[in-house]
Structures are given as structure tokens and as C-alpha cells.
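The following paragraphs lead the reader through one protein structure. Please keep the sequence and the coordinates in view while reading.

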Amino acid sequence: MKTALSIDIGGTSTKLAMVDSQYKIVENHRLNTKVCKNEADFFEVLFHAIMPLLQAYPETQGIGIGAPSCRADAIVGATNLPFSERVEIVKILETKYALSTFLIKDGSTAALGEGLFGLAKGMRNYIVLTLGTGLGCGIVLNNEIVRGSNGQAGELGHAVIKENGRVCKCGKKGCLETYVSATGIKRTVFQLMADMQLESSLRTISFAKLTSKAIFEAAKQGDALALAAFEYTAKILGRKIAELGMTFEPEGVILAGGLASAKDVLLRPTIAQMERDLLPAFRNQIKVVTSLLDTNEAALLGAASLVFNNIKANNPLYSHS
Ligand SMILES: [Zn+2]
């Protein structure tokens with residue numbers, strides 16, 4: 001059975017999957033990235049997980065990786081990972097396993113997955129925003145993933161949207177992802193709790209225990225504070241999508257990740273804000289939807305497509321067709 005090994009590296013966990021050429025995940029594993037203290041530690045855990053998989057699937061064609069903070073074939077300056085210095089991950093894995101290895105930023109693997117199996121199927125121009133711990137972005141134009149000069153294009157989460165705004169883990173202030181992400185909406189809830197007198201079931205939950213899902217559940221019950229938090233988040237998101245819409249004129253924008261599971265509670269005010277901000281010629285054309293795929297799975301399948309399509313890392317534009 002011909003397979004590809006997919007690796008989705010994230011700050012909380014790193015997912016591995018063996019994917020067959022029909023894009024079926026035949027085996028998967030999850031590693032705890034947080035417990036790794038440094039680069040050596042991380043690779044020890046990773047190698048330990050990879051070896052039995054490659055032994056079990058000897059016809060593995062290559063390794064596809066999605067990771068944050070990619071620059072060409074390396075991960076550089078990652079703020080969420082156990083290493084922030086430059087790590088030549090493609091070279092490391094190719095040397096160890098003698099398999100072609102492909103690296104692309106995590107937002108782009110999600111976009112490839114949505115194009116293959118999700119709501120972006122059939123779209124030639126679309127943008128995927130992953131709203132999880134941070135905010136990831138993958139842009140597909142004319143059926144090709146936009147990489148930029150060094151594979152870094154689409155680093156939207158760290159666009160500053162507010163002067164002297166919330167402190168971001170990247171060191172800057174006011175980054176988009178400190179507002180629009182599963183973590184960002186938690187910060188908004190706490191800000192609104194301090195600023196407003198609204199009664200809310202969320203007031204008894206500590207910051208550590210609060211989740212975007214709990215905020216969504218409260219909003220569904222009509223909790224005014226939770227609804228205000230979604231309105232606040234959606235305004236910023238809708239404005240940013242309008243900006244992207246007028247810059248790239250995509251057919252669709254797909255929202256994925258934990259915060260997107262709120263579906264209509266997030267979508268309705270986001271679309272309303274986007275339409276208000278768009279020039280009339282752009283209105284009622286850009287489909288904004290929430291993903292129907294499991295975000296982790298979409299990213300793993302997207303990473304596998306790099307291998308099956310032999311998408312070269314030195315090609316500035318990755319085609320996914
Ligand atoms: Zn930032």
C-alpha cells in the first residue's frame with residue numbers, strides 16, 4: 001500500500017498520520033508537544049513515533065509536514081514550539097529516513113485539505129482561516145497555494161489591528177489572533193466582564209477553565225455577555241475578511257478550528273460586518289462558511305497531498321490540483 005506520512009506540528013500537540021493514496025487515514029497518533037523541553041527532546045519523541053510507522057508501511061512515498069513559522073525548509077522563530085531557533089526540519093528528516101520531505105505552513109495544509117475534501121472543493125480562489133489557539137491562514141489563488149518568496153505568506157494572525165492592543169506571544173501588541181481565535185475570545189469575555197455589568201453564567205469560570213466551547217454554549221442559551229463576546233470578535237473578523245475580500249476577491253472564505261464550531265453564532269455577525277465594509281461591487285458574492293471537516297484531519301490530508309503531488313518546496317506556488 002502506497003502511503004504518505006503526514007505530520008502536523010502544533011504548540012499543544014503534534015499529530016502524525018499514515019495516509020493512503022485514496023486519502024484515507026490508516027493510522028494516526030498524537031504527541032504531546034508541550035512536554036518537550038527543547039529541540040532535542042522534541043525530535044526524540046518524534047523519531048520514536050515515526051519509526052514504527054515507517055516499519056509498518058514500507059511503501060511510504062514521503063513525508064508531508066505542516067508547521068507554524070516556516071521559512072523555506074526550516075521552522076524559524078516559532079513562539080509556540082519547544083524551540084525558537086532555526087530548525088532545518090526537512091534536512092533532518094530526509095537525512096534520517098531517506099524520504100522526500102515537504103514542509104508548508106500549517107494554515108496552508110488546512111487550505112489544501114479544504115480544497116480536496118471540504119467546502120472549498122471546486123473553488124479556484126479561496127482563503128481558509130483556522131481559529132484555534134492562534135489564527136492561521138492559507139490562501140489559494142488560481143488553484144495554487146500562495147507561498148510568497150520564502151513560504152511565509154499568509155501570516156495574518158500577527159497583523160496588528162489595534163494600536164497598543166493586547167500583548168501577543170510574538171512580542172508585539174494588538175495582533176489579530178489575540179482577538180480572533182479560541183484564546184482571543186476568552187480574553188474578550190474577561191475584558192467584557194470587567195467593563196460591563198451584564199449577568200453571565202461565565203462569571204463563575206476561571207480563565208484557565210474557560211473554553212471557547214463554553215462561551216458558545218452560553219451564547220446559545222442567550223447569555224448576553226457571551227453573545228457580546230461573539231459580536232465583538234465577529235466585528236474584527238468581518239472587517240478583516242472584507243479587507244481580504246477586496247484584496248484577493250476569493251469565491252469563499254472558510255473558517256475552521258475551535259472557534260468556528262460556533263457556526264451561526266459567529267458567522268451571522270461576521271458576514272454582516274463584512275458586507276458593511278465591502279465596496280458595493282464586492283457585496284453578496286463572497287461565501288463565508290464554517291468548515292465541515294475536522295481541522296486536524298484536513299491539515300493531515302493536506303500535508304499528504306504535498307507528498308502525492310510531489311510538490312516541490314522550491315516552487316513558490318504550490319498547486320493542489
Ligand atoms: Zn503577534
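**A guided reading of the model**

Thr130 has a relative accessibility of 15% and therefore counts as buried, a class reserved for residues under 20% relative accessible area, with exposed meaning over 50% and partly exposed in between (1.4 Å probe, protein chains only). The model is a predicted one, in which local features need pLDDT of at least 70 and side-chain atom pairs count only at pLDDT 80 or more, whereas totals for chains, interfaces and linings use all residues. Residues are numbered from 1 along each chain as its sequence is written, and side-chain values use heavy atoms, with hydrogens and water left out.

Thr130 belongs to strand β8. Helices (H or I, at least four residues) and strands (E, at least two) are DSSP runs, numbered from the N terminus. Apart from neighbours within four places in sequence, Thr130 is in contact with Ala110, Leu135, Gly136, Ala256 and Thr295; contact here means heavy atoms within 4.5 Å.

One of these partners, Ala110, is among the buried residues of α3, together with Gly107, Ser108, Thr109, Ala111, Leu112, Gly113, Glu114, Gly115 and Leu116. Helix α3 is mostly covered, since 10 of its 12 residues are buried. Its 12 residues (106-117) should span 16 Å at 1.5 Å a residue, and the end C-alpha atoms are 17 Å apart, which agrees. The expected span of a helix is 1.5 Å times one less than its number of residues.

Which residues touch the most other members of the largest nonpolar core? They are Leu129, Leu131, Leu202, Phe230 and Leu255, in a core of 42 residues. A nonpolar core is a set of buried Ala, Val, Leu, Ile, Met, Phe, Trp, Tyr and Cys residues joined through side-chain atoms within 4.5 Å. At least two residues of this core come from each of β8 (126-131), β9 (135-141), α4 (182-195), α5 (212-220), α6 (224-248), β11 (252-256) and α7 (264-277). Helix α6 supplies the largest share, 9 residues.

Leu129 shows how these parts meet. With neighbours within four places in sequence set aside, Leu129 is in contact with Leu135, Gly136, Cys137, Leu156, Leu237, Ile241, Leu244, Val253, Ile254, Leu255 and Ala256. Of these partners, Leu237 lies in helix α6 and is buried, with a relative accessible area of 1%. Beyond its neighbours within four places in sequence, Leu237 is in contact with Leu129, Leu131, Val180, Leu255, Leu266 and Thr270. Leu237 and Leu267 are 30 residues apart in sequence, and their C-alpha atoms are 9.7 Å apart in space.

Two loops also adjoin β11. Glu249, in the loop between α6 and β11, has a positive phi of about 45° although it is not a glycine. Lys263 is placed in the loop between β11 and α7 and counts as partly exposed at 44% relative accessibility.

A second, separate core of 31 residues includes Ile7, Phe42, Phe47 and Leu54. Phe42, Phe47 and Leu54 are also among the buried residues of α1, as are Phe43, Leu46, Ala49, Ile50 and Leu53. An α-helix has 3.6 residues a turn, so residues three or four places apart point the same way. The buried residues of α1 pack against β1 (3-9), β2 (13-20), β3 (25-32), β4 (60-67) and α2 (89-97). For the 18 residues of α1 (residues 39-56), 1.5 Å a residue predicts a span of 26 Å, and the end C-alpha atoms are 26 Å apart, which agrees. At the N-terminal end of α1, Asn38 acts as a cap, with a side-chain oxygen 3.3 Å from the backbone nitrogen of Ala40.

Ala72 is another non-glycine residue with a positive phi, of about 50°. Ala72 lies in the loop between β5 (70-71) and β6 (74-75) and is partly exposed, with a relative accessible area of 33%.

The last feature is the metal site. Which protein atoms are the donors of the zinc ion? They are His158 (ND1), Cys168 (SG), Cys170 (SG) and Cys175 (SG), lying 2.0 to 2.3 Å from the ion. Donors are N, O and S atoms within 2.8 Å of the metal (3.2 Å for Na, K and Ca); water is not among the atoms, so sites may look incomplete. The site is tetrahedral, with angles of 105 to 118° among its 4 donor atoms; four donors count as tetrahedral if all angles lie between 85 and 135 degrees. The donor residues follow the sequence spacing H-x9-C-x1-C-x4-C. Cys168 counts as buried at 5% relative accessibility, whereas Cys170, at 30%, counts as partly exposed.

How values were computed: Polar contact = N/O pair within 3.5 Å; in protein donor to acceptor, adjacent residues only side chain to side chain. Tetrahedral: all angles 85-135°; square planar, octahedral: opposite > 155°, others 65-115°.
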